[in-house]
Amino acid sequence: MTRVKDVLGIVSIFLLIITLSIAVTIWFVPLYQFTIQTQNIPEVLGLTYDKLMDNYYVLLQYLHFPWIQELKLPDFTSSESGLLHFYEVKLLFYLNYSVLFISLISTLFYLKFVKRARRIWVLIKPFFIASLMPPVLLLFLAVNFDRMFVSFHQIFFNNDAWLFNPATDPIINALPQDFFMYCFILFFVLIETSFVLGYQISKKCAFNKG
């Protein structure tokens, strides 16, 4: 039973780290601001910086708030295919937040269990192994981000609605691929930082408390 608790507990911790890192990345608006400023997106699209940000906030609100059922971008038209893709992204966001909430609760219970049982040492090896993965993925991202980007969409979407046509969904011009690359980088940095901190903290606690 203890072994089962450890497996479920460690899985919960990793799911919490992953889903929380996704949530932080999604809400890290300065990343989008940096992208559009460095690539002169407002000038390219003939919009002011403020108008472009207004459209981005409308998109974020639609993707996160269940009471917003329809996406209406102030300065961009959308095709049925484009709207379908954003709806599917909305569902994925809800799934992420659901897993985040559940894993947070189970992680708190598990950490309380290992602390009480003085078994924090069981976390050292999993955190160490997990910390080796993000650098490998970052290397692959640096070598061939295009392939990773395509593979990501093929895994999470069962259609081609994510292949936006700028003529019918001009919003894609406001969401350059580099922006998504920065999002991936931030995500991997966040989980790597979490794994390394988890390793260091669990190791320190194990040595101090047994």
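**Close-up views of an all-helix model**

Ile-120 is buried, at a relative accessible area of 14%. That residue gets its own view below, along with four others, and every one of them is drawn from a predicted model.

**View 1. The whole chain, for orientation.** Let's start with the overall picture. The protein has 9 helices and 0 strands, so if you read the elements from the N terminus on, you meet α-α-α-α-α-α-α-α-α. Along its principal axes, the C-alpha trace covers about 60 × 35 × 30 Å. Of the 210 residues, 40% count as buried. Among contacts with a separation of 6 or more, 79% come from residues 24 or more positions apart.

**View 2. Ile-120, in the loop between helix 5 and helix 6.** Here we look at the loop that joins helix 5 (80-116) to helix 6 (124-130), where Ile-120 lies. With a relative accessible area of 14%, Ile-120 falls under the 20% cut-off and therefore counts as buried. Which residues does Ile-120 touch, once those up to four places away in sequence are not counted? They are Val-114, Lys-115, Ser-202, Cys-205 and Ala-206. Ala-206 is worth finding in this view: it is 86 residues from Ile-120 in sequence, yet the two C-alpha atoms are 5.5 Å apart in space.

**View 3. Thr-107, a buried residue of helix 5.** Thr-107 is found in helix 5, and its relative accessibility of 4% makes it buried. Follow its side chain and you will find two backbone oxygens: that of Ser-103, at 2.6 Å, and that of Ser-12, at 3.2 Å. Ser-12 also appears among the contacts of Thr-107 beyond four places in sequence, together with Ile-13 and Leu-16. As for the helix itself, its 37 residues should span 54 Å at 1.5 Å a residue, and the C-alpha atoms at its ends are indeed 54 Å apart.

**View 4. Two residues with positive phi, Arg-118 and Asn-40.** Just after helix 5, the backbone of Arg-118 takes a positive phi of about 55°, although Arg-118 is not a glycine. Arg-118 is found in the loop between helix 5 and helix 6, and is exposed, with a relative accessible area of 52%. Asn-40 also has a positive phi, near 55°, and is likewise a residue other than glycine. Its place is the loop between helix 2 (29-38) and helix 3 (41-45). Is Asn-40 buried, exposed or partly exposed? Its relative accessible area is 43%, so Asn-40 is partly exposed.

**View 5. Helix 7 packed against helix 8.** Two packed helices are described by the angle between their axes and the distance between those axes. For helix 7 (residues 133-143) and helix 8 (residues 145-156), the angle is about 110° and the axes are 5 Å apart. Angles of 65 to 115 degrees count as roughly perpendicular, so that word fits this pair. On the helix 7 side, look for Leu-137, Phe-140, Leu-141 and Val-143; on the helix 8 side, they meet Phe-145, Arg-147 and Met-148. How many of these contact residues are nonpolar, polar or charged? The contact of helix 7 with helix 8 has 6 nonpolar residues, no polar ones and 1 charged.

Terms used. Residues are numbered from 1 along each chain as its sequence is written. This is a predicted model: local features need pLDDT of at least 70, side-chain atom pairs count only at pLDDT 80 or more; totals for chains, interfaces and linings use all residues. Side-chain values use heavy atoms; hydrogens and water are left out. Axes are lines fitted to C-alpha atoms, for helices over the stretch in contact, and angles run from 0 to 180 degrees between N-to-C directions. Helices (H or I, at least four residues) and strands (E, at least two) are DSSP runs, numbered from the N terminus. Angles under 35 degrees count as roughly parallel, over 145 as roughly antiparallel, 65 to 115 as roughly perpendicular and the rest as oblique. Contact means heavy atoms within 4.5 Å. Ala, Val, Leu, Ile, Met, Phe, Trp, Tyr, Cys and Pro count as nonpolar, Asp, Glu, Lys and Arg as charged, and the others, Gly among them, as polar. Buried means under 20% relative accessible area, exposed over 50%, partly exposed in between (1.4 Å probe, protein chains only). A polar contact is a pair of N or O atoms within 3.5 Å; within protein, one must be able to donate a hydrogen and the other to accept it, and residues adjacent in sequence count only if both atoms are side-chain atoms. The expected span of a helix is 1.5 Å times one less than its number of residues.
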